[in-house]
Amino acid sequence: MLRLFSLSALIGLAAMADGAFAHENEVDVRLEGAQLCVTSNSSPNHDIGQFPNRGNPNSFRQQATRVCVDADPEVTGRITQNTQSSGVSVTGILFRPGTADFYDANSPRGFSRDPSSGWRLEGMGAAELLGMDAQNAHVDHRGLYHYHGVSEALVGSQSGSLIGWAADGFEIHYIGDAAQSGWQLREGTRASAPFGAYDGTYEEDWVFVEGAGNLDQCNAAVVNGTLTYFATDTYPFFPRCFHGTVSSDFMGRR
């Protein structure tokens, strides 16, 4: 069920960009017919960490990124999942909270692209293993910089709560702890390898509890009659399922 609450809890946040390397952000956001298109050079508007690093063997590479979403999105009555990215920031950096990595006891790193274990590595839960920087982001094999969690620098650079658009075109806002996810860690321990307590390292460690927060399973609520997604400081961080029609620019393999 979509929940309703007010955006009156907005608070001012100061920019805290603290990284190793600065890059010049270039972004163009414009209406093209029925679509809102975001084109950028994939460089954020803040410093980034050192890449490669211990958990990430890839180097940052500036590159052209262009994604388009519905400019006037509508709720379809069905939920879409398993997108490559969740959305795009107002600065043109992709939100990609999920990963394509799974627990793999036979891999030297303890994880691989082999999904047979059924335990998918959670981006922020395994942040150190994946070499995230101070802005909860890293780079992929193409050198593409992307966010797995909320970036303080991105939030602090905006005058309002809007930080981007979801894959279906609805807005993504960040309002701190006024938006509460209903996802919670499971109790107990994992019944199969990798065993151990549910600690958030894997997506399967989490379960959605209806009514535990003021957001639905997609991190959404209805605000002033409009569906709105929220970025949260806890899992799932960004929407990972969608109520509108997902743009083909966000589909495909992770």
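## Close-up views of a predicted model

**View 1. Ser247 and its surroundings.** In this predicted model, Ser247 sits in the segment that follows strand S16 (226-231). Its relative accessibility is 11%, so Ser247 counts as buried. Setting aside neighbours within four places in sequence, we find Ser247 in contact with Cys68, Val69 and Ala167. Ala166 lies 81 residues away from Ser247 in sequence, yet the C-alpha to C-alpha separation is 9.4 Å.

**View 2. The hairpin of S2 and S3.** Here strand S2 (residues 27-32) runs antiparallel to strand S3 (residues 35-40), and six bridges join the two. If you would like a pair to start from, Asp28 has Thr39 as its bridge partner in S3. Two residues lie between the strands of this hairpin, and Gly33 in the turn shows a positive phi of about 65 degrees.

**View 3. The disulfide of Cys37 and Cys68.** The sulfur atoms of Cys37 and Cys68 are 2.1 Å apart and form a disulfide. This link ties together distant parts of the chain, with Cys37 in strand S3 and Cys68 in strand S4 (residues 65-70), 31 residues apart. The link is right-handed, with 110 degrees about the S-S bond. Cys37 is buried at 1% relative accessibility, and Cys68 is buried at 6%.

**View 4. The disulfide of Cys218 and Cys241.** Cys218 and Cys241 are joined by a disulfide with an S to S distance of 1.9 Å. Cys218 belongs to the loop between strand S14 (206-208) and strand S15 (220-223), while Cys241 lies in the segment after S16, 23 residues apart. The S-S torsion is about -110 degrees, so this disulfide is left-handed. Both Cys218 and Cys241 are buried.

Conventions
Residues numbered from 1 in each chain as written. Predicted model: local features only at pLDDT ≥ 70, side-chain atom pairs only at ≥ 80, totals over all residues. Heavy atoms only, no water. Pairing = 2+ DSSP bridges. Helix = DSSP H or I, 4+ residues; strand = E, 2+ residues; numbered from the N terminus. Buried < 20%, exposed > 50% of the residue type's maximum accessible area, 1.4 Å probe, protein only. Contact = heavy atoms within 4.5 Å. Disulfide = S-S within 2.5 Å.
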